[in-house]
Amino acid sequence: MSGFLTVAGLHAGYGAGRVLHGVDLTVEEGEVCAILGPNGAGKTTLLRALCGLIRTTGTVRLDGADLPRNRPEAVARRGVAHVPEGRGTFAPLTVEENLRVGAYTRRDRAAVAADIDRVYGYFPVLGKRRGQAAGSLSGGEQQMVALGRALLARPRLLLLDEPSLGLAPLVTRELFEIIRTVNRDERLTVVLVEQNAHLTLEFADRAHVLETGRIALSGAADDVRADDRVARSYLGIGG
Amino acid sequence: MADFIQQLVEGLGSGAIYASLALALVLIYQFTGIVNFAQGELAMFSTFIAWSFVQAGVPFWLALILTLAVSFLGGMAIERIVIRPVEGAPELTLVIVTLGLFILVNAAAGWIWSFLIKDFPSPFPESALHLGGVSLNYSTLGVLGVVAAVMGVLYALFRFTKIGLAMRAVASNPASARLSGVRVGRVLALGWGLAATVGAVSGVLVAPVLFLEPNMMGGVLVYAFAAATLGGFDSPLGAVVGGLVVGVAETLAGAYVGAIGSDLKIGVPLAIIIGVLLVRPQGLFGRAAVERA
């Protein structure tokens with residue numbers, strides 16, 4: 001199998017309810033890969049399965065080696081950062097402390113300090129609020145904190161769960177541009193789950209459409225955008 | 001006036017003891033969402049360990065340090081053995097488990113050391129410091145000093161160390177902490193260890209006043225619950241302030257409200273618990289469960 005992240009025959013669910021029915025997926029190093037699909041298709045479940053938050057069967061390999069199962073902290077230590085649904089904010093901690101939790105597994109203090117400054121460079125508003133409790137920030141700012149926290153782990157793979165949820169369109173666009181910048185500057189591989197298909201296809205390299213727990217369609221972002229079914233179902237084009 | 005200041009300091013002295021047990025309760029509640037009814041018994045057991053060291057001829061302060069170390073390891077062991085299997089269970093299950101632990105520890109102490117009361121040495125001189133018309137017992141001042149030192153160490157741990165940051169992250173959002181690579185299981189065990197250590201301090205400090213026996217901490221636990229409720233169960237600072245307020249309120253009520261006297265003092269913490277729950281259920285420093293989405 002080639003590919004940086006390779007997923008084969010992945011089944012997962014909650015209790016007796018199966019959500020993923022054999023997902024096969026390959027993500028190349030350095031690409032932004034979008035997972036699109038309707039509500040309930042299993043997008044969030046797929047990310048939770050990748051990072052070990054739920055029980056799975058099937059294989060998930062990163063750079064040729066199997067990822068640990070059911071142990072998110074071990075998956076994180078292998079270089080997978082997950083920005084979860086709901087942003088995972090540590091509400092009573094300050095913005096800066098939130099970022100430092102992201103660097104928890106690192107030992108290189110000086111580089112961590114430099115990375116925190118770099119995040120403030122991406123999101124100047126966070127720099128202004130570094131001493132403020134993260135729970136008091138707006139939704140968009142908390143999403144920036146979540147992204148910043150993920151970046152501070154110096155991940156090799158970034159999983160983003162609906163970063164646009166609840167954000168104003170302009171804020172979303174700003175966030176996506178920064179994700180793209182990081183992806184380009186640091187060759188960070190990104191898997192992005194989104195409802196907002198228009199914007200996502202504009203930023204992604206490749207896209208996969210997840211329907212009822214299986215990948216229904218894969219291709220370059222431009223080809224997926226041109227696909228009739230996608231146009232009708234997710235982009236509101238044609239009829 | 002001198003008498004009032006005297007009472008105030010005495011109140012702060014007992015309040016400091018309630019504060020340290022309340023802090024132990026809050027530490028465990030923050031990390032695991034468990035209200036640990038056995039906290040007082042663990043403190044009592046630790047005090048017996050200290051007593052055994054002292055009986056064996058170990059100097060008091062060394063005995064205290066050894067006791068704190070044993071308590072720390074014991075707390076971690078209890079988390080692993082007793083609490084880990086019921087992690088995430090319904091609240092009623094957790095309450096019953098800690099009540100079971102209460103009975104177990106209490107009975108074990110009686111079995112090992114018997115229920116006869118024992119004299120516990122005070123590490124502080126019997127005399128008093130005279131300032132103006134006020135005479136302050138060295139034992140009271142010593143208690144305040146020890147508790148202040150413990151608070152200082154904990155504050156530094158949480159505020160300035162990496163593991164302290166990880167502990168606060170786990171208390172706030174364990175799932176998210178795991179995604180950042182924090183080994184949550186270790187942090188929870190550490191939380192129980194710290195709580196047992198802080199609780200042990202309260203036991204060792206109160207033992208010279210109350211005499212040492214297996215049921216020694218029952219009353220103290222009620223005051224600690226009042227303190228934690230007053231301060232807010234999710235606020236370590238609140239536990240400390242709550243403890244001091246409860247101690248002062250109890251002492252002043254006992255001294256100046258004739259109808260209460262020393263017999264009805266135990267009513268004070270109960271009144272505080274009920275009053276706080278009615279007026280401000282999250283406590284003085286607690287966070288109400290409201291957050292921006």
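This is a chat about the predicted model shown above.

Colleague: Hi! What should I know before I start reading?

Modeller: Residues are numbered from 1 along each chain as its sequence is written, while chains are lettered from A and ligands numbered from 1 in the order in which they are written. Since this is a predicted model, local features need pLDDT of at least 70 and side-chain atom pairs count only at pLDDT 80 or more, but totals for chains, interfaces and linings use all residues.

Colleague: Cool. How many helices and strands are there in chain A?

Modeller: Chain A has ten helices and ten strands. Both are DSSP runs numbered from the N terminus: helices are H or I with at least four residues, strands are E with at least two.

Colleague: And why does a radius of gyration of 17 Å agree with a compact globule?

Modeller: Because a compact globule of 239 residues would have a value near 18 Å, and chain A has 17 Å. The radius is taken over C-alpha atoms, and the globule rule is 2.2 Å times the number of residues to the power 0.38. Along the principal axes, the C-alpha atoms fill a box of roughly 50 × 40 × 35 Å.

Colleague: What share of the residues is buried?

Modeller: Buried residues make up 48% of the 239 in chain A. A residue is buried if 20 or more other C-beta atoms lie within 10 Å of its own, exposed if 12 or fewer, and partly exposed in between, with C-beta atoms placed from the backbone.

Colleague: Let's look at the sheet. What is the strand order?

Modeller: In chain A, an open sheet of six strands runs β6-β7-β8-β3-β9-β10, with mixed pairing. Its edge strands are β6 (80-83) and β10 (214-220), each pairing on one side only. Strands pair if DSSP finds at least two bridges between them.

Colleague: Which way do β6(A) and β7(A) run, parallel or antiparallel?

Modeller: They run parallel, joined by four bridges, and β7 covers residues 157-161 of chain A. Val83(A) stands opposite Leu160(A) there.

Colleague: How many bridges join β9 to β10(A)?

Modeller: Six, and those two strands run antiparallel. His208(A) has Ser218(A) as its bridge partner. The two strands form a hairpin with two residues between them, and Thr212(A) in the turn has a positive phi of about 40°.

Colleague: Is a positive phi common or uncommon outside glycine?

Modeller: Uncommon: most residues other than glycine have a negative phi. Asp63(A) also has a positive value, about 55°, and sits in the loop between β4 (56-62) and β5 (65-66) of chain A. With 15 other C-beta atoms within 10 Å, Asp63(A) is partly exposed.

Colleague: What about Arg187(A), buried or exposed?

Modeller: Arg187(A) counts as exposed because it has 11 C-beta neighbours inside 10 Å. Its phi is positive as well, near 50°, and its place is the loop between α7 and β8 (189-193) of chain A.

Colleague: New topic: where are the domains in chain A?

Modeller: Domain 1 is 1-79 + 155-239 and domain 2 is 89-152; the bounds come from an automatic or database domain assignment. Taken over C-alpha atoms, their centres are 24 Å apart.

Colleague: How many residues are in contact between them?

Modeller: Twelve residues of domain 1 of chain A are in contact with nine of domain 2, where contact puts two C-beta atoms, placed from the backbone, within 7 Å. On the domain 1 side that touches domain 2, α7(A) gives the most, with four residues.
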